[in-house]
Amino acid sequence: MKNINYVINGVLAVAVVILFIMQFSDKKETSVTKTFTFGEDSTSLLPVAYINVDSLFFNYNYSKDLTEVMLKKQENSRASVNQKANSLRSEMQDFQRKLENNAFLTRERAEQEQQRLLNKQQELQELDARLAQELMTEQQQMNEQLLDTIVTQLKKFNANRGYQVIFSNTMGDNILLADDPYDITAEVIDFLNKNYSSSGK
């Protein structure tokens with residue numbers, strides 16, 4: 001009789017353990033399922049998305065405005081250098097003409113003029129390099145400013161959407177293949193442009 005009680009108690013204990021395991025397994029599975037269920041239609045999309053950055057930069061009005069500002073600065077810089085280069089070219093041609101026609105009173109005077117023109121050429125090269133460096137630095141600052149703005153706006157955009165990760169996708173970048181529902185580029189561009197037109201940034 002005692003043996004039968006031991007067997008029954010043992011079976012009951014095993015049954016209780018099995019029920020506990022099944023209960024916790026069901027909860028864990030449900031939790032995982034909820035984590036990966038995304039969207040109002042309860043589809044099985046993961047809470048991740050990607051943005052085509054090339055398309056974003058091309059269509060985001062703030063990016064367009066910054067690009068236009070940068071292009072104007074580059075044009076102004078190029079025009080300034082070209083103007084000085086044309087003036088120097090004219091002076092060099094004039095010097096060459098005078099040299100061929102023996103217009104200089106002394107050899108020393110010709111050498112002084114030649115040195116002056118060489119110094120002017122050196123100054124022009126230094127100006128060109130300095131302006132190029134300034135433009136490069138300004139371009140980097142604008143890129144950082146644009147990126148900061150996009151990240152700030154993305155946080156607002158994602159506040160009620162619940163994406164855990166938003167990837168960037170450019171030509172040859174890390175996303176080789178993704179289904180269309182994961183591409184939120186158009187939605188983000190629309191959000192950014194609406195906020196830019198209302199806030200000016």
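**Note on a predicted five-helix, two-strand chain**

1. Helix 3 and helix 4 are roughly antiparallel to each other, a label given to angles over 145 degrees, while those under 35 count as roughly parallel, 65 to 115 as roughly perpendicular and the rest as oblique. The two helices, residues 61-100 and residues 107-157, pack at an angle of about 175°, with their axes 11 Å apart. Here the axes are lines fitted to C-alpha atoms over the stretch in contact, and angles run from 0 to 180 degrees between N-to-C directions. The residues of this contact divide into 18 nonpolar, nine polar and eight charged, where Ala, Val, Leu, Ile, Met, Phe, Trp, Tyr, Cys and Pro count as nonpolar, Asp, Glu, Lys and Arg as charged, and the others, Gly among them, as polar.

2. The model is predicted, so that local features need pLDDT of at least 70 and side-chain atom pairs count only at pLDDT 80 or more, whereas totals for chains, interfaces and linings use all residues. Residues are numbered from 1 along each chain as its sequence is written, and side-chain values use heavy atoms, with hydrogens and water left out.

3. As for the overall layout, the protein chain has five helices and two strands, which follow the pattern α-β-α-α-α-β-α when read along the sequence. Both kinds of element are DSSP runs numbered from the N terminus, helices being H or I of at least four residues and strands E of at least two.

4. Of the 201 residues in the protein chain, 23% are buried, a term that means under 20% relative accessible area, with exposed meaning over 50% and partly exposed in between (1.4 Å probe, protein chains only). The protein chain exposes about 15,100 Å², and carbon and sulfur atoms supply 55% of that area, as computed by the Shrake-Rupley method with a 1.4 Å probe. Among contacts with a separation of 6 or more, 77% join residues 24 or more positions apart, contact meaning heavy atoms within 4.5 Å.

5. Which residues does Ser77 touch, leaving aside its neighbours within four places in sequence? They are Leu131 and Leu135. Ser77 itself has its place in helix 3 and, at 14% relative accessibility, counts as buried.

6. The whole structure holds 12 salt bridges, each defined as a side-chain nitrogen of Lys or Arg within 4 Å of a carboxyl oxygen of Asp or Glu. One of them joins Lys98 to Asp94, with the closest N and O atoms 3.6 Å apart; both residues lie in helix 3, four residues apart, about one turn of the helix. Lys98 is partly exposed at a relative accessible area of 37%, and Asp94 is likewise partly exposed, at 30%.

7. In helix 4, Arg107 and Glu111 are four residues apart, about one turn of the helix, and form a salt bridge whose closest N and O atoms are 3.2 Å apart. Arg107 counts as exposed, at 65% relative accessibility, whereas Glu111 is partly exposed, with a relative accessible area of 41%.

8. A further salt bridge links Arg116 with Glu113, the closest N and O atoms being 2.8 Å apart. Being three residues apart in helix 4, these two are separated by about one helical turn. Arg116 counts as partly exposed, at 36% relative accessibility, while Glu113, at 13%, counts as buried. Salt bridges that share partners join Glu91, Arg109, Glu113, Arg116 and Lys120 into one network.
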